[in-house]
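Colleague: I should be grateful for a close look at a single part of this model. Please set out its place in the whole and what surrounds it.

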Amino acid sequence: MMNSLGITNTLRILIGILSISFAILILFQSTFFIGNTLRAVMLIVMAALALRSGNYKFALVEIPFIIMPLILIYLGHPFKNV
């Protein structure tokens with residue numbers, strides 16, 4: 001699937017490392033906004049690559065996953081009042 005998007009093995013590893021680091025950023029209140037923003041950007045890039053390769057089903061599946069970090073940004077960090 002990743003090969004059809006034009007993603008090489010090296011880029012796949014880099015995307016995995018970035019995704020994990022963005023998820024770790026979300027855990028801390030001071031980097032919560034940045035982590036969710038970077039996560040949404042990463043998902044938009046994946047959807048754009050899917051559209052470029054003509055895989056519209058994959059791009060449509062990404063839409064709810066793009067909306068989730070935006071909702072989390074709106075709601076704020078869960079422990080901000082603690």
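**Helix 2 and its surroundings**

Modeller: From the N terminus on, the elements run α-α-α, and this is a predicted model. The protein therefore has three helices and zero strands by the DSSP assignment. Its C-alpha atoms fill a box of roughly 45 × 25 × 15 Å along the principal axes. Of the 82 residues, 28% count as buried. Among contacts with a separation of 6 or more, 56% are accounted for by residues 24 or more positions apart.

The part I propose to examine is helix 2, which has 22 residues and covers residues 32-53. From its first C-alpha to its last, helix 2 reaches 32 Å, close to the 32 Å expected at 1.5 Å a residue. After helix 2 comes G54, with a positive phi near 90°.

The buried residues of helix 2 are F32, G35, N36, A40, M42, L43, M46, A47, L49 and A50. They pack against helix 1 (9-27) and helix 3. As a general point, an α-helix has 3.6 residues a turn, so residues three or four places apart point the same way.

The axes of helix 2 and helix 3 (residues 56-75) come within 9 Å and cross at roughly 170°. Because angles over 145 degrees count as roughly antiparallel, that description applies to helix 2 and helix 3. On the side of helix 2, the contact is made by residues including F32, F33, N36, A40, L43, A47, A50 and L51; helix 3 contributes, among others, Y56, F58, A59, F65, P69, L72 and I73. The residues of this contact divide into 18 nonpolar, two polar and two charged. A59 illustrates the packing: setting aside residues up to four places away in sequence, A59 touches A47, A50 and L51.

N36 merits separate mention. This residue lies in helix 2 and counts as buried because its relative accessibility is 0%, with the limit for burial at under 20%. Leaving aside neighbours within four places in sequence, N36 is in contact with I26, P69, L72 and I73.

Finally, there is the nonpolar core. The largest one has 11 residues: M2, L5, I7, I15, F22, M42, M46, L49, A50, F58 and A59. Helix 1, helix 2 and helix 3 are the elements that give two or more residues to this core, and helix 2 gives the most, with four residues. In soluble globular proteins, nonpolar side chains tend to be buried together.

Key: Residues numbered from 1 in each chain as written. Predicted model: local features only at pLDDT ≥ 70, side-chain atom pairs only at ≥ 80, totals over all residues. Heavy atoms only, no water. Buried < 20%, exposed > 50% of the residue type's maximum accessible area, 1.4 Å probe, protein only. Contact = heavy atoms within 4.5 Å. Axes fitted to C-alpha atoms, helices over the stretch in contact; angles between N-to-C directions. Parallel < 35°, antiparallel > 145°, perpendicular 65-115°, else oblique. Nonpolar A, V, L, I, M, F, W, Y, C, P; charged D, E, K, R; others polar. Expected span 1.5 Å × (residues − 1). Core = buried A, V, L, I, M, F, W, Y, C linked by side-chain atoms within 4.5 Å.
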